[in-house]
Each structure stands twice: as structure tokens, then as C-alpha cells.
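The following exercises are to be worked with the sequence and the 3D structure at hand. Each task is followed by a solution in steps.

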Amino acid sequence: MKRELVKYLLLVAAAVSMPYFFSDGYMMNVLVFVGINTMLAVALNLLLGFAGQISLGHAGFFGLGAYISGVLTATHQVNPWLAMLIAAIAVSFLAFLIGFPILKLKGHYLAMATLGLGIIIYIVFNEAVDITGGPSGLSGIPNLALGSLVFDNDVKNYCLVWTFTIVTILLAVNLAHSRIGRALRAIHDSEVAARVMGVNVRLLKVQIFALSAFISAVAGSLYAHVMTFAAPASFGFHFSVELVTMVIIGGLGSIYGSLFGATLLTLLPELLRTFQDYDIIIYGLILILVTMFMPGGLVQGIPSLLGALLPKKKEGRG
Amino acid sequence: MNLSDQLIQFLLSGFATGSIYALIGLGFSIIYNATGIINFAQGEFVMLGGMVTVFFLTSLHIPLPAAILGAVAITTFVGLLFERLAIRPIRKATPINLVIITIGGSILIRGLAMLIWGKDTHAIPGFSGEEPIMIGNASLLPQHLWIFGMTTLAIIASKVFFNYTISGKAMRACAFNPRAASLIGIDVKRMVLFSFVISSAMGSVAGFIIAPLTMTSYDVGIMLGLKGFCAAIIGGMSSGLGTVLGGIILGVLESLGAGLISSGYKDAVAFIILLLILFIRPQGIFKRAESERV
Amino acid sequence: MLAIQGITQVFGGLTALDDVTFTINRNDITGVIGPNGAGKTTLFNIISGIYTPTTGTISLDGRNITKFPPERLAAFGMVRTFQNIELFGQMTVLENVMVGLHTKSRCGIISCAFKMPWHLHEERRIRETAHTWLRFCGIDELADTTAANLPFGKGRLLEIARALALEPQIIFMDEPAAGLNSRETMGLADLIRKIRDRGITVVLVEHDMELVMDVCDRILVLNLGKKLAEGTPREIQENPAVIAAYLGEG
């Protein structure tokens, strides 16, 4: 428990100090997206890493959060904070309802079904032109504001997004170390034994699905208000796969791993400017190699790989 | 055109695209039956079938029949490579790991295709010209006939393979019970490899015969793959008639949906059907629920 | 307390259990024995809600529980262990038992995520109770070991500790002595008696005749899916049909 506290305080300290290191807007802007992607990766990890249920449709929940918040504020002049709340509740409610039939499916079927769900949502973003603005997007979404403090530049947005990110991480870590987190990991290890222990597996999976959708929708809403714009292209199948990649890189079931995975995958395309669209090839390779050779993710995998490669000194013969 | 002519037109074109979905769906179910894997990279084999044909035709100026043969050969080789490099070596094969690996494979193949051929959309000329054939007031392209012909041929070939050849029977045995199959001396690993080879070949056939109708580009694999999967699901993942019917049902519904409701939501039709089938009848619409021994 | 009435289970064309009827008395140690393929494990899977029988009913104190899923049975105090132990491998020994206390705790997602004071209180209580059960089974010193790293015998004990944490009325043990050495088996016999002394009804499927004859008050013999005999260990040992069934197998 102490170690968790230390890790968390280190994270908070790092997050608070970032604006002092990077005074230029560009890096702050990138870090805003690191924060949003971290929230999404943590949300997905609760489902994928803890409950062991895959979702290839999380970009859809993210997008719904963005669009509901965007449409309410830009078209209907609802208060942005209220819109965020409405978006999160609506999306998690939708996830809760669809969770019952969808989480009855297992493995490959679940993957296909969530993928189908994500694509249906994506098609609606594109086709419901009257509401969403269609493929060209929805603009004029207002910034969030606290009284006279309007979150309208990179540093302010950084503070806003990372407040949410850090709270999300705290809540996820707390959850992981509670009876709910234990029950989820139990489902992952042996579903039948978890049921015999009285864990209502079906309900719990659905609840986590809804929670995961809730966090994703909040992230979507933040995204919409930070960007003041939302277009379908950001919420497609490709982004769902990117989210899964973040979780896999960071290690299934590791909250801080998801932070690492999200950071790496958000920074990578920025650092490798020359790659442009070709980062997709790298994601493919990462997914295959990490799953094949480092089932615990890079955080665990690299040290153990080094350990295996370096000669062991203490073990002599005889 | 009055409504009934329109309906016939929708049915005809639905039948044609449905045949394609059936071919792709068969690829899914062959691998699924041999391995229990749903190969998310199946759509990429379809894309390769079309793109490699385009490449041979336009860049190397090879005549169409040779280009097609080349495309099938290369796609099949990619399928073989994929099985050997990514599927066979995996040690802890939980379903989630397999899903992630095949997704990784699919975006890798897609990314490489984009790297090699760029993002442009390409067309292949129709195999027998573009002159429509009129049936009453509905028109049919010669390419449609090619599609029907090739699909029928592929289905008959797979039927013959599975029912009358030793390898085909061995693969069916593996699908039924891999352990028992290996006990009687069937090389299960080779059968898994076989299933990838056959599926990728079948996918590439679907890819090159549809390319003249719908154009092709590096990213057509996602949608075509998913719709093929939908066909297979409707057919209960059978590697026979069920999936073929599933594909045709899907193609016709999609075409009717596009024509009568809205073309924008055409793609959504397949996924709504997919979800409904998965929720209500995951064993497909032709099969009776089997009592499964847990 | 538990009445099993005319249970039949058919898999495909195969009848695994054929019209089995018997009752389990409160606070008895009941053994279910029979040659391989007699349907013992199937019977367990039915009673513990993993299968639903083709026909027949199971009732607990007069309540029909035939169709209850395992998680609901847990709430009624019915719990089981598994033949090939089903531990939560990635979790520590202590955490395994804490999952066993799932039904003994109430906090939902929100109070867990926000670490509400009552959640912290509950968490402390769960932890202490879990240690109590580990001590009861004699494996408290392994509390922080990852379950997957346990030796087989200790894994068995952990499964029992985890099941006991539910404070069940009945515990069903599926071949608890399989894979144990003779010293561990003796320890197990003592543990089973200790469990009964806490007022818990014990039912075990077991191949180890010595253990069964030693600890059981009543024995049910199954053969080829049918009930062959029922009675005290002495009656069973002298039952000619039972002897024939076992000799026929050997």
C-alpha cells in the first residue's frame, strides 16, 4: 500500500512539474493528448487487463462522449460541464444496456461484436450529417471554463486534462486493490472458480464495461472541449486498435503500464515525424511481437528480456 | 424503372456482392474450423488479391490471367508466412492473444501495402468488358457473371477437397477433434498451415474478382473482411453451404437497404445483422443449438 | 438438508447420470465413490450449478435450487473445490481467500474507487478474516506467495481455505486427496473433521478408499451413472454389489 502511495505521489509531482520543463506550447499540446490517451488506456485496461474482456470498439465510446458533449454545447448551448456529465452518463448507460448481450460472448466473438459496435457508431458519426456535421466534422465547441478562467490555451488545457487523468489513475488504482479489483482478476484467472466464490461474473463484467465507457466518454468530452472540434476520423477502428496497443505495451492489468503505453504511443509519431501514416506498421509489429514474446508488456518484458540475454553471474557450475 | 424492376436490380447486385462475402466468409470458417481462430487478417488477403493484380497489370504490364495467378500465388505465400511466423510459434495461445496477433498481422499487412502501393484507389478493367447485359429492365455486368462463376467454382473445389481428398478429410477430422486426429497420426500443425493457405488463396480470389466492380485500395480489407465474417456468422461458421447462403442473404439485405433506405448506412446493415445474430443466435441461423459439454 | 431427486443428465446420446436420488444430512461427512466414469464429477457439477440436469430436482432445506447458477448457490452457503485445482494463479494466497469473502462484503465500484471510510473498514475486516482461514488450514505463512507458485498440496489447502471463507453450510470437495502424499492425506482427514466440527456439512468425491472409510459418516456409491448403494462405511464395505463393481473394474 505504501509503495502505491509513493508511486502515485511521484506521478503527481511529475505531472505538476511538466509545465516548468516545457514552456513551449507544442510539447504542452502533445502532453494534453498523452493525458487523454492515458485516461482511455486506463479505461480499456480495466476491461481488458482486469476482467480479461476485449473491446475493439472503445474509440466509439470516446467519440460518443466527444459528440454528445460537442452537440449539446455547440448546437444547444448547454453548459459544457453539464454536457460532459450528460455525455458520460448517457454513454455508460448505453454500454450498460448493450453490455448484457455483448459480454455473453467470449474471445473472438466478443472482439468481433465490439468491433462491429464501434463501426456502427463510426458510421452514424459520418452519416447523421444534420447532427454531427458528417465527415467534415463539428466545429464551434466551446472551451470549458471555471468562472472567469477559460481553458483556452495549451498550458491551461494541460492542467485541466491532467487533473482528470490523475484522478482517473487514482480511482483505477484504488479499484484494483479492492474487492472489485480482486473479483475482476479472479474472473480473468478462473471464471468458474470466481462464480463458485459467489462473484456475479455477468453483472460485474457489465458494470466494468459501463465504467470503462464512462471514463472513455469523459475523455471524449475533454477532447471535444480542448480541440473545440470533433471529426469522425479520430474515432475509427484504427484508434480502437491503437488503444489496445497502448494497453498491451503497458502490460495487461497494470495501471501505470497503461500510462506508459499511452505516453509512448502518443509521443512516438511526434518523435518520428518522417513516419507520418506509417506508424500503423509499427503498431502492427509491436502488437505481434509484444504478445508473442512479452506477455507482461514492455515494462515487465524488457527487464526480463535483458535478464535472459545477459549472462548470469551468480549461477556457476556445480 | 418501376419498383419491381428496381427490386430485381437490387437482388441481382446483392447476389453478386453476396457471393463475394460468401467467398471471404468461407476463408474465415475454414481457419476457424481447423484452429478455433478467427483470423482478423482475412480481409487483408482479399485486399492483396486485388492490389497485387493491379500491380502486375499496371506496373509490370503482365496480361490479366498471369497477373491473377501471380496475385493468388503471392497472397497464398503471405498467408503461409503469417501462419509460420505469427501463429505457430505462439506459446500461450489464449483467445485474446490470438485476436491481438491476427489484428497486429492485419494492420501490418495493410501498412506494408500502403508503403508499397500508396493510398490511391485503383481499378481493374472488367474481365470481359463493361457492356451491360439486360435482363428485362435490370442490367447485369459481365463481371457479375464472372463473380457467380468463380464463386461456384471455388465452392465446388472446396467441397471436393473436403469430401474426397485425404488432406481434406484429415482437416475435417482436426476440426472435429484435434487430439483424436493427432492420435491417429494426422499432422495437426500441417493442417493448420493448410487452412491458412486455402483461406488466403480463397480470399485472394474474392479480391481480384471484385476489384473491377468496386475499385481497390490498401484499406478495402477491413470492410470486406468484416462482411465476410458476418456471412460466416450467419451461416454458423460452416465451411459449406451455410456460409454461402449467409453471404448471399447479407449481400441482398445490404443492397435492399442501400436502395430502399439510405446508401450511407449500407455498411451499418451488415454490422447490425452481425450484432443481432451474435446476440440472438450465435450458432447461426441454419443450425440447431447443440448441447455443449462444458 | 440437501435432497437430490431423480437426477438424470444426458450429454448428446450419452446418459451420464440415470435417476440418482439421495439425501445429505446436516453435519454429516458424506462420501461419493464409484469406479471411473461412474458420474461422480458430473453429479458435483450439477449440484454446484455448473450444469443444469436434464431432469430431476435438487432442494436445499425444501427450496428448489436446481436451476441456480453457482454464484447464487454461494449466497445460500454452498461451495465447492475442484479436482484440478482452480486457483486464481496470478493473485497471492491471501488475495485468493479474500475473493472467497466476496459474498461477505458489500462495497460497490464507487465506494471502492473513492476509498470511502466504510470500504477501508471492510477491507481491514476481510484481510483479518482471510488470515484466520489461512491459519485454520495451516498455510498462513504462505499468505504473500503467488498462488501459481504453490506446491500442489498447499494449493489444495488454499482451495479449501478459500471455500471456507464463504462460511458455507455445505462444502463439496472434488477428489481433495488426489495428488497428495500419505502424510498430506492424513492432514487432510484431520482438516475435514475440523471443518465438520465447525458445523459445516462436508461432501466429498474421492478415490482414496482409506480416507473415505476413515472420515465419512455415510457413503453413496455410483456405478455407470446409477446409484449402486448407500450406507455407512461398514455397510458399504460388506455390500456384495459394491465389491462386484470394484472387482469388475480392477
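In these exercises, buried means under 20% relative accessible area, exposed means over 50%, and partly exposed means in between (1.4 Å probe, protein chains only). The model is predicted: local features need pLDDT of at least 70, side-chain atom pairs count only at pLDDT 80 or more, and totals for chains, interfaces and linings use all residues. Residues are numbered from 1 along each chain as its sequence is written, chains are lettered from A and ligands numbered from 1 in the order in which they are written, and side-chain values use heavy atoms, with hydrogens and water left out.

**Exercise 1.** Determine which parts of chain C are linked by the salt bridge between C:Asp18 and C:Lys226, and classify the accessibility of C:Lys226.

Step 1. A salt bridge is a side-chain nitrogen of Lys or Arg within 4 Å of a carboxyl oxygen of Asp or Glu. The closest N and O atoms of C:Asp18 and C:Lys226 are 3.5 Å apart, and the two residues form a salt bridge.

Step 2. C:Asp18 belongs to strand 2 (residues 14-24) and C:Lys226 to strand 10 (residues 226-231) of chain C; the pair, 208 residues apart, links distant parts of the chain. Helices (H or I, at least four residues) and strands (E, at least two) are DSSP runs, numbered from the N terminus.

Step 3. C:Lys226 has 46% relative accessibility and therefore counts as partly exposed. C:Asp18, at 30%, is also partly exposed.

**Exercise 2.** Establish which elements are joined by the salt bridge between C:Glu71 and A:Arg195.

Step 1. The closest N and O atoms of this salt bridge are 2.9 Å apart.

Step 2. Because C:Glu71 lies in helix 2 (residues 70-75) of chain C and A:Arg195 in helix 9 (residues 191-196) of chain A, the pair joins two chains.

Step 3. C:Glu71 is buried, with a relative accessible area of 16%, whereas A:Arg195 is partly exposed at 27%.

Step 4. Over all chains, the whole structure holds 22 salt bridges. In chain B, a network of them links B:Lys227, B:Glu254 and B:Asp267.

**Exercise 3.** Describe the surroundings of C:Glu206, a buried residue without a salt bridge.

Step 1. C:Glu206 sits in the loop between strand 8 (201-205) and helix 8 (209-215) of chain C.

Step 2. Lys and Arg count as positive and Asp and Glu as negative; His and the chain ends are not counted. The nearest side chain of opposite charge to C:Glu206 is C:Arg156, 7.0 Å away.

Step 3. The side chain of C:Glu206 reaches the backbone nitrogen of C:Ala177 at 3.0 Å. A polar atom of the C:Glu206 side chain also lies 3.1 Å from the backbone nitrogen of C:Asp208.

**Exercise 4.** How are helix 6 and helix 8 of chain B oriented to each other?

Step 1. Helix 6 (residues 166-176) and helix 8 (residues 188-214) of chain B pack at an angle of about 105°, with their axes 10 Å apart. Axes are lines fitted to C-alpha atoms, for helices over the stretch in contact, and angles run from 0 to 180 degrees between N-to-C directions.

Step 2. Angles under 35 degrees count as roughly parallel, over 145 as roughly antiparallel, 65 to 115 as roughly perpendicular and the rest as oblique. Helix 6 and helix 8 of chain B are therefore roughly perpendicular.

Definitions and conventions. A polar contact is a pair of N or O atoms within 3.5 Å; within protein, one must be able to donate a hydrogen and the other to accept it, and residues adjacent in sequence count only if both atoms are side-chain atoms.
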